[in-house]
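The following note sets out several points on surface, pockets and cavities for a colleague's consideration. Please read each point alongside the structure shown here.

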Amino acid sequence: MSRTLHRGVSSGGGRFSQDSDDFWEDSQKKERIDKESGDRIRKNGADDMHLSVKLPFAYLFTGRLFTKHIMKENSFISDPSSPGLIRSRQRVTLSLLRYSLAVIVVLALTGSFWWTLSITSASRGKVFHGYRRLQEQIVSDLYEIGDLSSGFSKLRELGYCLEEYENYVPCFNISENLDHGFSDGKEYDRHCEHVTKQNCLVLPSVNYRIPLRWPTGRDVIWLQNVKITAQEVLSSGSLTKRMMMLDQDQVSFRSVSSNFDIEDYSHLIAEIIGERNASYFTEAGIRTILDIECGYGSFGAHLSSHQLLTMCLASYEASGSQVQLTLERGVPAMIGSFRTKQLPYPSFSYDMVHCARCHVEWDKKGGLYLVEVDRLLRPGGYFVWTDSLVNSQRTPRKKDNLKKWNAVRLLTENLCWEMLSQQDETVVWKKTTEKKCYAARKSSSPSLCGKDNDVESPYYRNLQPCIAGTHSRRWVPIDMRRKWPAQVQVNSAELRIHGFSIEEFGEDSLNWNSAVVNFWSLLSPVIFSDHPKRPGDEDPSPPYNMLRNVLDMNAHFGGFNAALLQTGKSVWVMNVIPTRAPNTLPLIVDRGFLGVLHDWCEPFPTYPRTYDLIHAQGLLSLEFGEKPRCQMMDLFVEMDRILRPEGWVILKDITRVIELARSLATHLKWDARIIEIENNSDERLLVCQKPFLKQQFI
């Protein structure tokens, strides 16, 4: 008769409760029983499997089931922690897991089978559409990997430029131009053929501050935002350069100085052309003005209050730049000169060209500079020249000046310009409105451009010695054109001149009117946060004067510009037509907007940190879709250069290109988010904001 085995230890120093003989006998019996039990388990593995399948979950809780089984076979309860029982339990557990996995697989296959049978023809279309979207995503990923793989390490290494690049303008590096053999003034011209790629991000100065909003920022700027010395602020220069005051960390601009009053000056011009004052310029057909060597933009800033757009054009200056300070004030400006090349504007781009002591020698090079002014002026447009040279006939002692004055007068007569009046140092000419005047000239020089040589929108072509525009269908006197702002809405007859239909133009206008409202609501950091609401009517809209300087990199008809003005935004837009796109720039300038032709594989002629918003629709596909001539990353670095800290970028393009653009934006440390426009559209919006980084933090 077997006895129960006691394994307890007494409290008396480790002595067992039974005598040693009984203990030895019980130990031998236990070993024999364990051995027999292990053999029986190995032989009866199938029985265990049957038991585990029958009661799979009961086995997991305790060893009761297995204990009862052993008790039935051996008529005693064995130790549940014995080696045989542990090995048996492990085998059964493994069997249970295999069984569970098999059940899951069967259920999954069954569900998949019934799901496949339940697909209708409509759902098959959805699945196929989803499959296509998946394929497109794969292609997009591969495209991105392929485009970035060769230069990925380079992108990661994209750092910050040295402090000397703070105001860097590519294509206008005078020392490099001299090294390449340019001289006689050509070293100051634009030369992009030898430009070294910029592989760094331009940082603002240590004390840079966000510009004041318009119109306050028109009259006050932060001194550290531009490169200018106190001596340059206080020194004499052009008429409008004298209108500044230095006040600690600010530069303020006045309309009146000790010897010059801008308002009186504009009234003088208005009286010469037959109007009461500058507020009546629009009645005379004047909307856009080209201001050559504009000083610091005071003339254009004053006229902006009369709904006039003045483009400041000045040469590159390493310090005290007229263009940089003018743009900082929120007045249109770009770098350019008359030295050797035609400006990248279409013929008939401006209603008035203004030169107040602009240091252009109009009598030189056979009058080529005046011929270029004639090309830019619309029929009936005005050329205003203010200079001490104008008074030469009243001071005959300066014979050289008198000779220059007579040469200029003769050139203007040969261009069929009418001198309206001369008052003190100011004279105004009016371009002819009649083509027949050219045939009645006393001199045939300059000649008329041939039809093949009369390029409507030249791109930095050499200055031409012939009168342009006489073959153009756009020859319409300014007093015959509709006045501002009616000219924004082009009629069918005007569209036919440009080769477009009223339906195409109307659809474009409607799309932009709705798009601008949505765009404006997205210009808030809330879209980059975990804000639970989508930006729109529920969120406070950014103020109307949040932005001032806007660059549209692919302007098409100028619809973005028109919609911004229609919604009351206090902006001006630099409308750019890429050289690779259809040339719609003549239509844009005929609508009363500013525009320029540009090749986006070249740097834009402006200083760093000059635009609040950069917009481009379809530009990336245009430039990098087929046979790209440059790298997309180079374009993004250029955009970063000209964008102000906390400025915005809005790109609209196909999904594949937008995904790639987002990856590039992150390398520039921009905040970026892709926004779906319509459910069935393959186009997406990429909205980015440039962070405000300062040199002391780097």
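1. In this note, a patch is made of residues with over 30% relative accessible area and no salt bridge, nonpolar side chains being joined within 5 Å. The structure under review is a predicted model.

2. On those terms, Tyr99, Val103 and Leu107 make a nonpolar surface patch of about 290 Å². Tyr99 is placed in helix H5, which covers residues 83-117. With a relative accessible area of 45%, Tyr99 is partly exposed; a patch residue needs over 30%, so the value of 45% for Tyr99 satisfies that cut-off.

3. The largest pocket has a volume of about 810 Å³. Its lining comprises 34 residues, and those lying nearest the pocket centre are Asn511, Ala515, Gln617, Lys652 and Glu683. By class, the lining of this pocket divides into 15 nonpolar, 11 polar and 8 charged residues.

4. Which elements each supply at least two residues of the lining of the largest pocket? They are helix H17 (502-522), strand E18 (671-676) and strand E19 (683-689). The largest share comes from H17, with 11 residues.

5. Turning to enclosed space, the structure contains 8 cavities of 30 Å³ or more. The volume of the largest cavity is about 90 Å³. Among the residues lining this cavity are Tyr160, Leu201, Val202, Leu203 and Pro204, together with Asp640, Pro645, Leu668 and Lys669. Lys690, Pro691 and Leu693 also belong to the lining of the largest cavity. The lining residues of the largest cavity divide into 9 nonpolar and 3 charged, with no polar residue.

6. Asn199 is found in the loop between helix H8 (174-179) and strand E2 (200-201). Is Asn199 buried, exposed or partly exposed? Asn199 is partly exposed, because its relative accessible area of 44% falls between the limits of 20% for buried and 50% for exposed. Although Asn199 and Gly159 are 40 residues apart along the chain, a distance of 7.7 Å separates their C-alpha atoms.

7. Val571 likewise merits inspection. This residue lies in the loop between helix H18 (559-566) and strand E14 (572-578). Buried means under 20% relative accessible area, and Val571, at 7%, is therefore buried. In sequence, Val571 and Val550 are 21 residues apart, while in space they are 6.8 Å apart, C-alpha to C-alpha.

Technical notes. Residues are numbered from 1 along each chain as its sequence is written. This is a predicted model: local features need pLDDT of at least 70, side-chain atom pairs count only at pLDDT 80 or more; totals for chains, interfaces and linings use all residues. Side-chain values use heavy atoms; hydrogens and water are left out. On a 1 Å grid over the protein atoms alone, a cavity is a set of points where a 1.4 Å probe fits but cannot get out, and a pocket is an open set with protein on both sides within 12 Å along at least five of seven lines; lining residues have an atom within 4 Å of a point. Grid points are joined across faces, edges and corners, and a volume is the space filled by probe spheres set on the points. Ala, Val, Leu, Ile, Met, Phe, Trp, Tyr, Cys and Pro count as nonpolar, Asp, Glu, Lys and Arg as charged, and the others, Gly among them, as polar. Patches are made of residues with over 30% relative accessible area and no salt bridge: like charges are joined within 9 Å, nonpolar side chains (Val, Leu, Ile, Met, Phe, Trp, Tyr) within 5 Å. Accessible areas come from the Shrake-Rupley method with a 1.4 Å probe; for residues, only the protein chains shown count as cover. A salt bridge is a side-chain nitrogen of Lys or Arg within 4 Å of a carboxyl oxygen of Asp or Glu. Helices (H or I, at least four residues) and strands (E, at least two) are DSSP runs, numbered from the N terminus. Buried means under 20% relative accessible area, exposed over 50%, partly exposed in between (1.4 Å probe, protein chains only).
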